[in-house]
Amino acid sequence: MHQPHTLACTREDAWQPLRRLTPARIALGRAGTSLPTRAQLDFQLAHAQARDAVHLPFAAAELAERLPGPSLLLHSAAVDRDTYLQRPDLGRCLSQQCAERLDQHRANNPEGYDLALVVADGLSALAVERHALPMLQRIEQLADAEGWRLAPTCLVTQGRVAVADEVAERLGARMVVILLGERPGLSSPDSLGLYFTYAPRVGLTDASRNCISNIRLEGLSYAMASHRLLYLMREAWRRQLSGVQLKDEAQVPHLSGTSRVANFLLD
Amino acid sequence: MPSYSHSVGGQTYRFDSLRQLLAKASPARSGDYLAGLAARSASERVAAQMCLAEVPLKRFLDEALIPYEQDEVTRLIIDSHDTAAFAPISHLCVGDLRDWLLGEQADEASLGALAPGLTPEMVAAVAKIMRLQDLILVAQKVRVVSRFRNTQGLAGRMGTRLQPNHPTDDAAGIAASLFDGLLYGNGDAMLGINPATDSLASICELLRMLDGIIQRYEIPTQACVLTHITSAIEAINRGVPLDLMFQSIAGTQAANASFGINLQLLQEGYEAGLSLGRGSLGHNLMYFETGQGSALSANAHHGVDQQTCEARAYAVARQFKPFLVNTVVGFIGPEYLYNGKQIIRAGLEDHFCGKLLGLPMGCDICYTNHAEADQDDMDNLLTLLGVAGCTFIMGIPGSDDVMLNYQTTSFHDALYARQTLGLRPAPEFEAWLQRMGIMTQPQGRPHLGDSLPPAFRQALAQAN
């Protein structure tokens with residue numbers, strides 16, 4: 001009796017067909033009772049990609065060159081990545097020098113703006129690299145169509161969500177949208193998040209913001225994200241508020257994420 | 001305000017309060033730096049530890065870290081302190097307590113009797129002057145047994161919470177992970193879902209589904225859907241079958257308020273759960289989750305370091321005789337626990353403190369992708385906690401939680417701990433695994449069955 005070599009070392013699970021029902025890593029098989037080599041290395045690759053996304057430097061100058069309109073290159077008060085990861089408070093405010101630059105800009109443009117767009121690396125510069133430009137282009141088109149006066153796009157290195165409040169307050173903007181890389185998951189290293197605030201000012205909490213997350217090819221499409229953002233901005237403009245009081249009730253085609261298989265353990 | 005000082009190496013270090021002394025004595029971690037509470041140098045930290053070692057335990061009963069009038073957790077700690085249980089160690093200082101705990105007089109019986117005499121602050125203090133081996137050695141001597149539909153916390157056993165999360169709570173997707181986990185011998189601590197949506201209708205549906213599966217396959221385990229306690233109470237009011245009552249808790253009144261809870265509400269939830277009488281072996285039914293850094297992240301730490309805040313959460317937990325308590329150690333991110341070293345120490349501190357205070361303590365051995373940690377660090381913590389007698393760990397498919405986007409221990413990881421340390425699941429669940437032909441554990445080493453049990457073969461055919 002001679003077994004094929006591959007079968008001798010590992011056992012496959014009989015329930016591999018269930019894998020189509022969930023993105024979870026089920027039916028991985030086993031070597032003894034441990035993870036087989038293939039599954040072990042697949043995991044290591046996913047983690048490596050997520051780690052690389054966290055530590056990829058934000059190519060802000062390159063992004064600025066590809067933008068159609070004016071932009072400002074800014075830096076948060078977190079001097080490097082290690083500081084950024086351990087001091088969220090520093091990532092929420094601008095460096096002294098950048099704050100002064102924005103104040104100077106305001107002095108030269110005292111009339112302010114209707115909308116400021118901010119891009120920050122957040123926890124994944126990869127997400128920004130892949131998805132910020134197409135999202136910015138769509139949002140600028142929407143703003144033009146509404147007749148809103150746009151501030152120069154602000155690109156903030158080592159920035160967190162709340163840095164947008166300071167940017168907008170210093171520029172004198174009535175609304176702000178920040179695009180930034182979300183915390184990478186094992187299967188989603190490039191997920192972009194978007195936060196919108198009406199009447200932004202330093203010291204606001206998440207209760208004043210509206211969030212649209214998981215913008216990436218396998219997640220929420222650019223078109224869908226822009227559609228929901230436009231709804232939020234129009235409502236905010238009309239009602240002069242944002243956050244928990246402004247529900248996202250945009251009419252969107254219902255996404256059917258369900259597998260359409262009933263619960264086989266009970267039926 | 002009394003002050004504390006210690007002279008060493010020709011330098012005198014002063015500490016304004018017990019609160020500041022505890023913070024400066026805490027082994028380094030990012031959250032205490034973020035809060036501005038950490039020692040300014042390694043020498044100051046050890047000086048604080050030396051100073052702390054000489055503080056009499058009685059001092060902790062006189063100097064509250066957060067004023068009695070301001071904080072109901074402080075009131076709970078002081079009002080529920082058992083003087084008689086404290087008597088055997090009441091003459092000791094913190095350093096003596098470490099020696100006492102390591103000594104022969106501290107055994108399963110004496111440690112069990114001591115628990116109501118210890119306050120969280122005493123336990124946090126002694127943890128700060130202990131090495132990892134001390135935290136492991138002492139925790140291993142403590143037994144805390146709890147019962148609902150099976151028995152957790154027995155010697156030589158370690159449970160697993162089967163966590164079949166799905167990004168959209170899809171029933172078939174959750175069932176697929178449950179199938180995988182059960183056939184890898186996981187799930188005795190509970191079948192516990194973190195729901196993606198907080199709608200009550202969907203919570204009730206998940207609860208009915210888990211109850212149906214437990215009944216259909218006659219699994220001696222319990223179900224939990226991790227929703228806010230007010231939603232769980234509402235589900236009970238609607239007649240939905242609910243086994244374990246979940247809530248996240250923290251160590252200060254203000255942090256608990258940020259979770260939308262207080263002690264009164266926890267009591268209401270506990271009583272609502274008890275009213276159902278669903279536990280066949282016992283009535284421990286609360287399931288609490290905690291984690292260092294939660295008070296700071298709610299801006300509700302009152303200048304108390306994060307490890308001490310965490311231990312205070314255990315005073316809240318023990319008031320309600322929980323079935324299990326879980327410190328979700330690496331979930332919160334690197335601004336609180338920066339790397340594998342900090343996560344590993346925090347996990348062992350929490351397990352030690354919880355056990356010493358009388359809790360059935362488990363650990364979600366986990367990390368996020370922006371922390372300086374990886375699978376090797378988790379293997380370290382899993383092995384150390386296995387030796388320390390950890391009550392239960394998480395079990396998920398391939399370590400990858402596709403709903404919460406973090407990494408925790410896998411079904412395979414639990415089997416690794418069973419292989420290397422001979423740890424078994426709860427006895428009732430072990431008997432079920434054997435009866436179903438899923439897993440046996442002769443001479444301590446787990447052996448998985450060669451073919452699918454008939455009931456599961458039939459379910460698989462339904463799915464195809």
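Domain bounds here come from an automatic or database domain assignment. For chain B that assignment gives domain 1 (4–141) and domain 2 (146–448), and their centres, taken over C-alpha atoms, are separated by 27 Å.

Before the close-ups, a word on the model: this is a predicted model, where local features need pLDDT of at least 70, side-chain atom pairs count only at pLDDT 80 or more, and totals for chains, interfaces and linings use all residues. Residues are numbered from 1 along each chain as its sequence is written, chains are lettered from A and ligands numbered from 1 in the order in which they are written, and side-chain values use heavy atoms, with hydrogens and water left out.

**View 1. Domain 1 of chain B meets domain 2 of chain B**. Here 44 residues of domain 1 of chain B are in contact with 43 residues of domain 2 of chain B, where contact means heavy atoms within 4.5 Å. Together the two domains bury about 3700 Å², with 65% of it on carbon and sulfur atoms. Buried area is the accessible area (1.4 Å probe) that two parts lose on being put together, summed over both. You'll find four salt bridges across this interface, a salt bridge being a side-chain nitrogen of Lys or Arg within 4 Å of a carboxyl oxygen of Asp or Glu. Take Arg312(B) and Glu121(B): they form a salt bridge with their closest N and O atoms 2.9 Å apart.

**View 2. The domain 1 side of that interface in chain B**. Helices and strands are DSSP runs, numbered from the N terminus (helices H or I, at least four residues; strands E, at least two). Between domain 1 and domain 2 of chain B, 26 residue pairs are in polar contact (both at pLDDT 80 or more). A polar contact is a pair of N or O atoms within 3.5 Å; within protein, one must be able to donate a hydrogen and the other to accept it, and residues adjacent in sequence count only if both atoms are side-chain atoms. On the domain 1 side, helices H1 (18–25), H2 (30–34), H5 (72–79), H9 (120–128) and H10 (132–141) of chain B each supply at least two residues. H9(B) gives the most, with seven residues. By class, this side has 28 nonpolar, seven polar and nine charged residues. Ala, Val, Leu, Ile, Met, Phe, Trp, Tyr, Cys and Pro count as nonpolar, Asp, Glu, Lys and Arg as charged, and the others, Gly among them, as polar.

**View 3. Chain B against chain A**. This contact takes 58 residues from chain B and 49 residues from chain A. About 4500 Å² is buried between the two chains, and carbon and sulfur atoms give 59% of that. Asn369(B), His370(B) and His412(B) supply 15% of the area that chain B buries here, more than any other three residues. There are three salt bridges between the chains. Asp400(B) pairs with Arg25(A) in a salt bridge, the closest N and O atoms being 2.7 Å apart. The largest share of the chain B side, ten residues, comes from H11(B).

**View 4. A salt bridge along one helix of chain A**. Glu235(A) and Arg238(A) sit three residues apart, about one turn, in helix H9 (residues 222–239) of chain A. They form a salt bridge, with 2.9 Å between the closest N and O atoms. Buried or exposed? Glu235(A) counts as buried at 17% relative accessibility, whereas Arg238(A) is exposed, with a relative accessible area of 59%. The cut-offs are under 20% relative accessible area for buried, over 50% for exposed, and partly exposed in between (1.4 Å probe, protein chains only).

**View 5. Two salt bridges inside chain B that link distant stretches of sequence**. Side chains of opposite charge can pair when their charged atoms come close. Arg149(B) and Asp243(B) meet in a salt bridge (2.8 Å, N to O). Arg149(B) is in the loop between strands E3 (146–147) and E4 (151–152) of chain B and Asp243(B) in the loop between helix H13 (229–237) and strand E8 (245–248) of chain B, so the pair ties together parts 94 residues apart in sequence. Arg149(B) is buried, with a relative accessible area of 16%, and Asp243(B) is buried at 3% relative accessibility. Arg161(B) forms a salt bridge with Glu289(B), the closest N and O atoms being 3.0 Å apart. Arg161(B) lies in strand E5 (residues 159–162) and Glu289(B) in strand E9 (residues 286–290) of chain B, so this pair ties together parts 128 residues apart in sequence.
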